[in-house]
Each structure stands twice: as structure tokens, then as C-alpha cells.
Amino acid sequence: MFSPGGSRLPKRWVLVLLCFTSFRCATGSGEQSTAILPKSQEFNWKSAIVGPIQIFSFRSYLLTQIVGSLWADKIGGKLVLGFGVMGWSWL
């Protein structure tokens, strides 16, 4: 990875930046479970709607963990982390 000045960043700093960015992205999933309660009151959602939303959120998180770990075994953790950060930022 190159910086704008043209000098090469050490690998450990690239990894630190990727981990920091992924941590910032991961806080969004924690915020979803907290934000669902005020949103359910705002839109008058019943628990029959809130429950499936929370279950879907958990299952999709679990699925990405499994798929990501299998993918990391094949192509390497740094690439998976980089693609994950880019994908989360794109969404």
C-alpha cells in the first residue's frame, strides 16, 4: 500500500488501519440491535415484526463470519478484511 507521498507503508500499519476500519464498521451491527427499540416505537412495530428483524440481523452476521473464515483460509485474512471493509463501506 502506498501513501500519497509515494513512500511505502509498513505492513503492520496497513494491518492496523484495516483492523481499525473494520472495528468502526462492526460497531454498526451493535447499533442495529440498540436502535430497533426506538424505531419500533416510532413506526408502531409490534414484536412480531421486531423479532424477525433481529433474527435476520443475527443470522446474516453469523453467516458472514462462517463464509469469511472459509474465504480467509483460501485467500488470506488481510484480503478478506480489506474486501469486508470496502463492502461494508459501500453499503
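A search of the whole structure finds 2 aromatic pairs. The model behind that search is predicted. Both pairs are worth a walk through, and they lead to the rest of the chain.

Take Phe43 and Trp45. Their rings form a stacked pair, 5.5 Å centre to centre, with 25° between the planes. How exposed are the two partners? Phe43 is partly exposed, with a relative accessible area of 45%. Trp45 is also partly exposed, at 32% relative accessibility.

The other pair is Trp71 with Phe83. Here the ring centres lie 5.5 Å apart and the planes meet at 20°. Planes under 30 degrees apart count as stacked, so this pair is stacked. Where do the partners sit? Trp71 is in helix α2 and Phe83 is in helix α3, so the pair ties together parts that are 12 residues apart in sequence. Trp71 has a relative accessible area of 36%, which makes it partly exposed. Phe83 is partly exposed as well, with 42%.

Trp71 and Phe83 also belong to something wider. Together with Ile75, Leu79 and Met86 they form a nonpolar patch on the surface. The accessible area of these residues together is about 480 Å². Which elements give two or more residues to the patch? They are α2 and α3. Helix α3 gives the most, with 3 residues.

Now step back to the whole chain. It has 3 helices and 0 strands. From the N terminus on, the order is α-α-α. Of the 91 residues, 12% count as buried. The accessible surface comes to about 7500 Å², and 69% of that belongs to carbon and sulfur atoms. Contacts can be sorted by their reach along the sequence. Among those between residues at least 6 apart, 45% join residues at least 24 apart.

Next, the helices one by one. Helix α1 covers residues 11-42. How many salt bridges does a search of the whole structure find? It finds 1. The side chains of Glu42 and Lys39 meet in a salt bridge, at 3.6 Å from N to O. Both residues lie in α1, 3 residues apart, which is about one turn of the helix. An α-helix has 3.6 residues a turn, so residues three or four places apart point the same way. The partners fall into separate accessibility classes. Glu42 counts as exposed, because its relative accessibility of 53% is over the 50% cut-off. Lys39 is partly exposed, with a relative accessible area of 36%.

Ser40 lies in helix α1 too. Is Ser40 buried or exposed? It is buried, because its relative accessible area is 11% and the cut-off for buried is under 20%. What does Ser40 touch? Leaving out residues up to four places away in sequence, Ser40 touches Trp45 and Val50. Trp45 is the residue whose ring stacks with that of Phe43.

After α1 comes a loop, and Asn44 is found there, between α1 and α2. Its backbone deserves a look. Most residues other than glycine have a negative phi. The phi of Asn44 is positive, near 55°. Asn44 also counts as exposed, with 65% relative accessibility.

Helix α2 follows, from 47 to 75. Its length can be checked. At 1.5 Å a residue, the 29 residues of α2 should span 42 Å. The end C-alpha atoms are 41 Å apart, which agrees. What follows α2? The answer is Gly76, whose phi is positive, near 110°.

Helix α3 takes in residues 77-90. The length check works here as well. Its 14 residues should span 20 Å at 1.5 Å a residue, and the end C-alpha atoms are 20 Å apart, which agrees. Which residues of α3 are buried? They are Val80, Gly82 and Val85. Phe83 of α3, by contrast, is partly exposed, and its ring stacks on that of Trp71.

That brings the path back to where it began. The stacked pair of Trp71 and Phe83 ties α2 to α3. The residues of that pair sit in the nonpolar patch with Ile75, Leu79 and Met86. The other stacked pair is made by Phe43 and Trp45, and Trp45 is touched by the buried Ser40.

Notes: Residues numbered from 1 in each chain as written. Predicted model: local features only at pLDDT ≥ 70, side-chain atom pairs only at ≥ 80, totals over all residues. Heavy atoms only, no water. Helix = DSSP H or I, 4+ residues; strand = E, 2+ residues; numbered from the N terminus. Expected span 1.5 Å × (residues − 1). Buried < 20%, exposed > 50% of the residue type's maximum accessible area, 1.4 Å probe, protein only. Patch = residues over 30% accessible without salt bridge, like charges linked within 9 Å, V, L, I, M, F, W, Y side chains within 5 Å. Areas by Shrake-Rupley, 256 points an atom, 1.4 Å probe, with all protein chains shown as cover. Salt bridge = Lys/Arg side-chain N within 4 Å of Asp/Glu carboxyl O. Phe/Tyr/Trp six-rings, centres within 6.5 Å; stacked < 30°, edge-to-face > 60°. Contact = heavy atoms within 4.5 Å.
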